[in-house]
Structure formats: C-alpha cells, structure tokens
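Here's a quick tour to read with the model open beside you. Grab your viewer and follow along.

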Amino acid sequence: MLRVLAAVFNNRPLDPSGTDSELYVDPDDLVADLVRDAAEDGLNVVIAGPRRSGKTSLLSALTYAIRHWPDPLVVNVAGRGLASVEDLVGRVADGIQDQHPPTLRKPGRVDLLSVIADAVPDGARVLVLLDEPSREIAFQLFGRLRDELWRLPVTWVVAVAPHDFGAFITPPADGFFERIIELGSLPSDRARAVLERRLARAPEYRERLEPFLDDIVAAAAGRPQLLLSLARDVIAGGSVTSSARALEARERRLTEVSPSARKLFAVLDAWGAGSAADAELQGEVGVSAPRLTQLLKELERVALVHSTAGPGRGGRPRTVYVPARPEEIATT
C-alpha cells in the first residue's frame with residue numbers, strides 16, 4: 001500500500017508516456033497554446049515558473065500531444081547540469097541523430113551551431129524542449145548566438161526558473177522569444193482534478209482522502225507540490241492543518257536567509273541532498289565552492305538543512321547537506 005502511495009502521490013515530474021498523460025491536468029489550456037505556437041507556427045517560447053510548478057510536466061504533455069506528428073522532430077533536453085553551450089548543442093544534435101541517423105555530413109559550416117545544422121535531415125524541422133538551462137548557457141545561446149540560431153530550422157521551448165529569467169529578457173536574448181508564458185497558481189477546480197485523477201489510479205485511498213479534498217485544495221493555494229504533499233500526509237494519518245502549518249513555518253524560515261541561500265535551498269529541495277564539492281551544484285546555483293560552503297552554513301544555522309558525513313573522492317569523507325522536512329523545521 002505504501003508503495004502505491006509513493007508511486008501515485010509523489011512529486012516527480014510527469015513523463016511523456018501514455019500512462020502519465022492520464023494524470024496531467026493542464027493549468028490553463030497551455031498545451032493547446034504550445035501546440036499552436038511552437039509545434040505548428042514555429043514560435044520560440046519561454047516558460048517561467050518556480051521549481052516544481054509544473055514546467056517539466058508541461059513539456060512532457062506537449063511531447064505526448066504531438067507524439068505522432070511526422071514534423072517537427074521533438075528533442076527533449078534536461079538543461080540542469082550542462083556545463084557549457086557546447087554540451088547543450090551536442091545534446092540537441094545527439095537527440096536528432098537518435099531519431100534520424102545521419103547518412104552524409106553536410107559540408108561548408110564550421111561554427112559551433114553547425115553541429116546541429118549537420119544533424120537536421122534535409123527539409124525537416126526540429127522542436128527542442130529545453131528544461132532549466134543555467135543563466136550563463138541561456139545568455140550565450142539565445143543572446144550571443146541569437147542571429148546564428150535564427151538561421152537553423154529549429155524552434156525552442158525553454159522552461160526556466162524565475163531567478164534565471166533575466167537571461168531571457170536581457171538584450172540581445174530578449175528578441176529571440178516570441179511568446180512568454182508565466183506559470184501561476186493552479187486554479188481550484190484543476191487542483192481538485194489533480195487529486196481526482198490520482199485517486200482514480202489508487203482508489204483504495206479515496207475513503208481516507210475524499211472528506212479532506214476541499215481543505216487540501218484550499219491549503220495548497222494553487223501550488224502543485226504542496227497539493228500532493230498534503231494529500232500524502234493525510235493518507236498517512238496526518239492532518240491538513242498540521243502539514244500546512246509545517247510548510248508555512250519553512251516558508252517563514254526562508255525569509256531569514258539571503259536570496260542566494262534561498263536559491264540553493266530550492267535546488268537542494270529538488271535534488272534531495274548536495275555537497276559544496278559538487279561541481280554540478282556549484283554550476284546550478286552559479287557560485288564557487290567556497291561561496292557554496294558559506295551558503296550551506298547559512299542554511300544550517302537556521303535549521304533549513306542538516307549535515308551528515310558521506311563518501312567523497314578517493315575514499316575521503318565529505319559533508320553532505322540534506323534539506324530538513326517541513327515538520328522538522330516547525331519544531332525547531
């Protein structure tokens with residue numbers, strides 16, 4: 001039973017499979033907009049929203065919606081952890097070639113973006129769905145390489161966190177995207193639909209959860225992650241009020257730290273744990289290892305994270321930081 005609970009009411013982004021498509025609830029008919037603007041008309045789109053606001057699931061829903069289309073080719077790229085524009089360009093080219101292996105290299109181009117140009121089949125269009133690239137990579141690709149990028153038969157739909165959104169509205173990158181979508185709160189009727197679809201997958205929890213659906217929707221206030229967290233807590237025997245209070249306590253605690261520390265906490269909360277020695281974490285937050293150590297200590301001082309010893313390179317121990325659960329924060 002607990003395995004079913006974890007599988008159905010977890011916070012993982014939905015993938016483009018037919019099974020997950022049944023769980024997706026479009027917050028504001030955005031999939032239809034993306035199909036029209038990006039897939040049909042070839043408009044470049046940026047989607048801005050906080051972490052766990054549904055950006056990745058929206059990209060997956062778009063992939064599923066046009067899964068049988070012969071054109072454009074759809075390439076999904078996870079931007080988190082990419083070290084450079086070269087890495088991103090290589091991922092896009094690999095994604096195209098996985099679907100259409102090249103038969104003959106096209107001559108004549110030697111610039112960075114020729115890697116993509118060479119991979120695109122003659123006469124084809126490509127739709128790249130890029131999920132949360134770093135600010136630096138975004139500015140280089142869509143800013144410095146904007147004019148070269150325009151020449152490719154490629155449309156871009158890019159999901160970005162608010163703290164990286166500036167890279168997309170800073171000239172010359174601001175001219176690349178024809179449509180900006182900002183994800184807001186999930187309307188109450190659609191929030192309830194999220195829970196109803198999950199209960200259809202796990203009806204054994206309906207008796208326990210159904211009396212609290214309205215309370216859960218109200219307490220979640222349109223936040224998908226909180227909606228599912230509250231549902232899990234109620235099913236496990238908790239109460240909506242206590243769970244909501246714990247999460248509110250965490251939000252209050254976050255106001256006590258710097259913006260950089262809040263950004264770091266959002267990453268750790270999504271990843272589950274991290275270390276100052278992690279190059280990927282340094283790149284995601286956009287700071288050096290010493291600065292990352294300072295930010296982790298800042299979060300630890302207000303009990304937003306706790307540290308533990310973990311294995312490092314060469315067998316040497318390293319300090320790993322784990323975000324505190326809301327109920328832990330509420331009691332400290």
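What follows is a short briefing, grouped by topic. Keep in mind that this is a predicted model. At its heart for this tour is an open sheet of 5 strands, paired in parallel and ordered 2-3-4-1-5. We'll then look at the helices that pack on the sheet, one helix with a buried face, some aromatic rings, and two buried residues.

**The sheet**

- Strand 2 (73-78) and strand 5 (179-182) sit at the edges with a single partner strand each, so one side of each has no neighbour in the sheet.
- From one strand to the next, the twist averages 15°.
- Strand 2 and strand 3 run parallel and are joined by 6 bridges; in strand 3, leucine 130 is the residue opposite valine 77.
- Strand 3 and strand 4 also run parallel, again with 6 bridges between them. For a landmark, look at leucine 127, whose bridge partner in strand 4 is threonine 155.
- Strand 1 (residues 45-48) runs parallel to strand 5, and 4 bridges hold the two together. Here valine 45 faces arginine 179 of strand 5.

**What covers the sheet**

- Helix 3 (residues 30-40) lies across strand 1, strand 3 (126-131), strand 4 (154-160) and strand 5. Its direction is at about 165° to strand 5.
- Helix 5 (residues 85-99) packs on the sheet too, touching strand 2, strand 3 and strand 4. The angle between helix 5 and strand 2 is about 140°.
- How many residues of strand 3 are buried? The count is 6 of 6.
- In a regular strand, side chains alternate between the two faces of the sheet. On one side of strand 3 you'll find Val126, Val128 and Leu130, and on the other Leu127, Leu129 and Asp131, with both sets buried.

**Helix 11, a helix with a buried face**

- Helix 11 spans residues 213-220, and its buried residues are Leu213, Ile216, Val217 and Ala220.
- Why do these line one face of the helix? Looking down the axis of helix 11, the buried residues fall within an arc of 95°, so they end up along one face.
- The general rule helps here: an α-helix has 3.6 residues a turn, so residues three or four places apart point the same way.
- Asp214 and Ala218 are exposed, on the other side of helix 11.
- The buried residues of helix 11 pack against helix 9 (188-201), helix 10 (206-209), helix 12 (224-235) and helix 13 (240-254).
- Right after helix 11 comes alanine 221, with a positive phi near 50°.

**Aromatic rings and a charge**

- The model has 7 aromatic pairs.
- Take phenylalanine 142 and phenylalanine 168: their ring centres are 5.8 Å apart and their planes meet at 35°, so this pair counts as tilted.
- That pair links distant parts of the chain, with phenylalanine 142 in helix 7 (residues 135-144) and phenylalanine 168 in the loop between strand 4 and strand 5, 26 residues apart.
- Are these two phenylalanines, 142 and 168, buried or exposed? Both of them are buried.
- Ring pairs also tie Phe142, Trp150, Trp156, Phe168, Phe176 and Phe177 into a cluster.
- Elsewhere on the list, arginine 67 has its charged end over the ring of tyrosine 64, 3.8 Å from the ring centre.

**Two buried residues to click on**

- Valine 92 belongs to helix 5. Its relative accessibility is 1%, so valine 92 counts as buried.
- Not counting residues up to four places away in sequence, valine 92 touches Val75, Val77, Ile116, Val128 and Trp156.
- Valine 92 and alanine 119 are 27 residues apart in sequence, with 8.9 Å from C-alpha to C-alpha.
- Leucine 264 is part of helix 14 (residues 259-271). With 0% relative accessibility, leucine 264 counts as buried.
- Which residues does leucine 264 touch, leaving out those up to four places away in sequence? They are Leu281, Val285, Leu292, Leu295, Leu296 and Leu299.
- One of these contacts, leucine 295, is 31 residues from leucine 264 along the chain, and their C-alpha atoms are separated by 7.5 Å.

How values were computed. Residues numbered from 1 in each chain as written. Predicted model: local features only at pLDDT ≥ 70, side-chain atom pairs only at ≥ 80, totals over all residues. Heavy atoms only, no water. Buried < 20%, exposed > 50% of the residue type's maximum accessible area, 1.4 Å probe, protein only. Helix = DSSP H or I, 4+ residues; strand = E, 2+ residues; numbered from the N terminus. Arc of directions from axis to C-beta. Contact = heavy atoms within 4.5 Å. Pairing = 2+ DSSP bridges. Axes fitted to C-alpha atoms, helices over the stretch in contact; angles between N-to-C directions. Phe/Tyr/Trp six-rings, centres within 6.5 Å; stacked < 30°, edge-to-face > 60°. Lys NZ or Arg CZ within 6 Å of the ring centre and 35° of its normal.
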